[in-house]
Amino acid sequence: MVGKRNCGPLKPPAAAAAGLRALTAMKNLGANVCSDFLMTVNLSGTRGGFVLVTGDDPSAHSTTTELDTRNYARFADIPLLEPSTAQEAKDMTKFAFELSEELGLICMVRTVTRLSHARGVVTLGPIFKERRTATFSSQNLWTSGSSSITCMFHSILHEKMKRAQAKFDESEFNRYTGNENAEFIIITAGTGWLYSLEAVKLLGLEGDVGILKLGTTWPLPEKLVLKHLKHAKEVLFVEEIDAFLEQNVKMLAAELSAEGNVGPLKFYGKKSGHVRGEFGAGTGEIDVYIVIRALAEIKGLNYQPREREYSEKALAAVGSLVPARTMGFCAGCPHRASFWAIKKALQWDGRDGIVTGDIGCYSLGLLPTGFSAAKTLHCMGAGIGTANGFGKLAPFGLDKPIIAISGDSTFYHACIPALINAKWHNANILYIILDNNTTAMTGHQPHPGTGSDALGNPVLKIPIEDICRGIGVETRIVDPFDLRDAVQNVYEMLKMDGVEVLIFRHECPLTETKKRGKKPKVYVDQDKCIGEECGCARFCIRVFKCPGNIWDPAKGKAKIDDAVCVGCGLCADLCPAKAIIVEEEA
Amino acid sequence: MEDPLNIIVTGVGGQGNIQASYIIASAALIEGFHVSVGETYGAAQRGGSVTSHIRLSRERQYGPLTQEGKVHVIVNPRPVYPIDVLAGEAIYPPINKVLSAIKELVFSVHVVEATELAKKVGDVIFQNVVMVGCLAASEFTPIKTEAFRTAITELFADKGLDINLKAFEIGVEEFKRTKPL
């Protein structure tokens with residue numbers, strides 16, 4: 001059984017409590033959502049193997065934070081594994097199930113974007129097909145208890161972690177390579193291992209530098225680490241995001257310092273600033289170059305991957321020739337129409353209304369592709385959540401219309417309690433739900449409104465409008481591609497008191513175009529197009545910003561990029577000169 | 001061969017970049033290499049810049065990120081304009097200027113009108129497989145053309161095999177005709 005983020009993160013532990021094996025996977029922010037439960041299920045334990053997989057995002061490629069979830073393993077005091085390769089991701093997950101079952105304790109596997117979005121060869125072992133029966137009888141008790149019971153469970157947790165530590169000291173996921181008596185060692189985990197190996201090789205330091213690769217990072221395999229600290233004088237830590245290993249090893253070294261067989265040691269890593277991203281230590285993802293630079297700085301080496309002249313020439317070419325490529329909505333995306341309508345209606349309204357954003361494709365509402373309409377962005381549910389607050393600030397002088405935005409999937413997963421709260425306290429909000437009938441941003445997963453369950457089985461839809469109306473909120477449904485209607489409805493609803501919901505409903509073109517046959521042909525009648533004269537120059541291109549609308553410099557007119565256009569025809573509605581023609585295929 | 005041999009596939013979202021890197025990696029695997037593929041991309045599903053790194057080695061597995069190095073380039077000169085350019089906030093450089101700047105920095109540049117060739121196959125979406133055909137014919141990698149064919153045959157066994165193979169062969173033929181800039 002697999003759970004994803006907060007669409008039922010508590011289903012897998014229940015399965016595990018009933019004796020099945022269960023895995024729940026989420027990214028960094030999802031771990032926050034589940035942390036409440038994590039901080040108690042560590043005490044109540046599990047019967048079947050239960051594995052939590054978290055995906056961190058150094059450099060925040062597609063997240064709003066660089067949170068390091070390894071801290072949760074230390075916080076909840078549960079065993080933590082960090083794979084370096086696709087093979088290890090598989091092997092460690094299997095091991096984590098076995099360990100979890102043996103200890104009766106949830107185990108965590110932490111990956112990062114660079115591993116999660118990598119492909120590599122994985123060799124499978126024997127696959128055991130075991131069918132278990134879920135059992136939970138009136139004799140079972142599953143709780144972290146209270147008062148002295150909780151303290152007893154807490155002490156049992158510490159005992160379990162001691163057993164985990166003994167196993168980790170022997171684990172094959174930890175390995176040391178290089179000179180057995182190296183005075184300079186790298187301690188690394190996860191992606192840092194392959195980067196370290198490559199950096200050491202490129203610098204020709206293989207004879208001098210030992211690499212201790214840890215796959216089991218909490219509890220720290222102290223005996224193994226001690227063995228290698230004994231021969232070291234200098235230690236470099238190579239790891240993603242926080243100085244997690246660095247802190248834990250330093251603490252161990254401090255404990256051992258009085259015994260005289262360790263140290264004095266010089267440490268390098270995040271604290272010393274040797275391992276640093278573009279924005280400083282502890283920010284951005286690491287790579288081979290960052291490890292090379294750290295080693296070169298420490299050892300006083302001069303490493304130039306290229307001749308300086310070549311690098312300068314390359315940088316100059318990129319600087320002068322490569323235009324920015326800001327993220328944008330896909331061609332035909334209904335969100336572009338929705339934000340257009342919101343922006344227009346706010347202009348008509350004239351009270352400088354505030355739009356609070358949320359997590360999904362429509363997060364891009366903060367950017368030019370969404371006409372920079374949205375002004376806030378944090379985590380799932382924060383749009384309607386913070387709108388609740390903004391909508392109650394009139395007595396303190398902030399008397400403006402407030403629009404909260406979320407998508408359909410985010411509505412189901414993270415917004416309903418905040419909507420109830422808004423109704424309960426009569427916050428003055430217009431909540432616009434951008435319903436594209438899918439969870440587009442994460443790969444088109446179904447949600448409760450799509451008519452299929454998480455495994456794709458047909459189920460009854462739970463319509464958004466039924467929920468909103470059930471709460472007693474006035475709810476309207478408009479297709480944002482009917483632009484006039486869309487703008488009019490936003491404008492009208494902004495004038496109403498209390499909380500209202502407007503559902504902008506139009507299917508995501510990525511799923512829609514898969515269902516239909518040939519796309520309609522869209523083209524520009526260049527005799528009608530008024531080009532530079534239009535809407536303060538090239539209206540469709542400059543203002544509407546759909547990547548399907550491009551410029552024909554030879555003619556000085558607009559044209560359609562048929563490799564990009566999906567045939568939605570929205571630009572045809574917007575074109576002031578009515579020069580864009582949509583031809584439906586017969 | 002340089003070990004590791006690094007191949008970078010770069011473009012914008014929606015061009016089939018990740019699929020192309022998957023074909024190349026699968027072909028390399030057929031030839032018995034250790035293969036790592038790293039994908040980088042913007043959060044946008046369409047229109048953001050996307051780069052895949054493919055790393056082959058006879059010795060061992062490498063990390064999924066390639067270091068700086070001097071390369072051969074096969075380029076489809078068909079631009080996909082960023083909205084920054086469309087909005088008038090950035091200027092898209094003339095293609096010949098881009099090509100000559102690349103030429104200054106690399107071993108060789110081969111220009112292939114992959115989008116136009118893909119249209120002949122039936123849809124612009126096949127330009128990625130046309131480009132893979134060019135890579136196979138280029139012999140810049142030690143992967144044999146036959147291994148690419150096997151990889152494509154395995155990957156598209158269920159759907160679109162003929163048309164993908166056709167796009168691949170068009171790429172192979174086209175590359176043989178091209179001369180480096």
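This report describes the domains of chain A, its contact with chain B, and one sheet of chain A, in a predicted model.

## Domains of chain A

Chain A is divided into four stretches, namely domain 1 (2-169), domain 2 (175-299), domain 3 (334-510) and domain 4 (517-583). Taken over C-alpha atoms, the centres of domain 1 of chain A and domain 2 of chain A are separated by 26 Å, and the contact between these two domains takes 25 residues from domain 1 and 22 residues from domain 2.

On the side of domain 1 of chain A that touches domain 2 of chain A, the elements giving two or more residues are helix H3 (70-76), strand E4 (80-81), helix H4 (86-103), helix H5 (113-116) and helix H6 (147-169) of chain A. Of these, H6(A) gives the most, with 5 residues. Sorted by class, this side of domain 1 has 12 nonpolar, 4 polar and 9 charged residues.

## Contact between the chains

The contact between chain A and chain B draws 40 residues from chain A and 43 residues from chain B. On the side of chain A, two or more residues apiece come from strand E6 (118-120), helix H7 (192-202), helix H10 (288-299), helix H11 (308-321), helix H18 (539-544) and strand E21 (549-552) of chain A. The largest share of that side, 4 residues, is provided by H11(A), and by class the side comprises 22 nonpolar, 9 polar and 9 charged residues.

H11(A) is hardly covered, since the count of buried residues among its 14 residues is 0. At 1.5 Å a residue, the 14 residues of H11(A) should span 20 Å, and this agrees with its end C-alpha atoms, which are 20 Å apart.

## The five-stranded sheet

An open sheet of 5 strands in chain A follows the order E7-E9-E8-E11-E12, with mixed pairing. Strand E7 (175-177) and strand E12 (266-268) of chain A stand at the edges, and because each has a single partner strand, one side of each is left without a neighbour in the sheet. From one strand to the next, the twist averages 20 degrees.

At one of these edges, E7(A) pairs with strand E9 (residues 209-214) of chain A in the antiparallel sense over 3 bridges, and Thr177(A) has Ile211(A) in E9(A) as its bridge partner. H7(A), which is among the elements that give two or more residues to the side of chain A touching chain B, lies across strand E8 (184-189), E9 and strand E11 (234-238) of chain A, running at about 150 degrees to E8(A).

Notes: Residues are numbered from 1 along each chain as its sequence is written. Chains are lettered from A and ligands numbered from 1 in the order in which they are written. This is a predicted model: local features need pLDDT of at least 70, side-chain atom pairs count only at pLDDT 80 or more; totals for chains, interfaces and linings use all residues. Two residues are in contact if their C-beta atoms, placed from the backbone, lie within 7 Å. Ala, Val, Leu, Ile, Met, Phe, Trp, Tyr, Cys and Pro count as nonpolar, Asp, Glu, Lys and Arg as charged, and the others, Gly among them, as polar. Domain bounds come from an automatic or database domain assignment. The expected span of a helix is 1.5 Å times one less than its number of residues. A residue is buried if 20 or more other C-beta atoms lie within 10 Å of its own, exposed if 12 or fewer, and partly exposed in between; C-beta atoms are placed from the backbone. Two strands pair if DSSP finds at least two bridges between them. Axes are lines fitted to C-alpha atoms, for helices over the stretch in contact, and angles run from 0 to 180 degrees between N-to-C directions.
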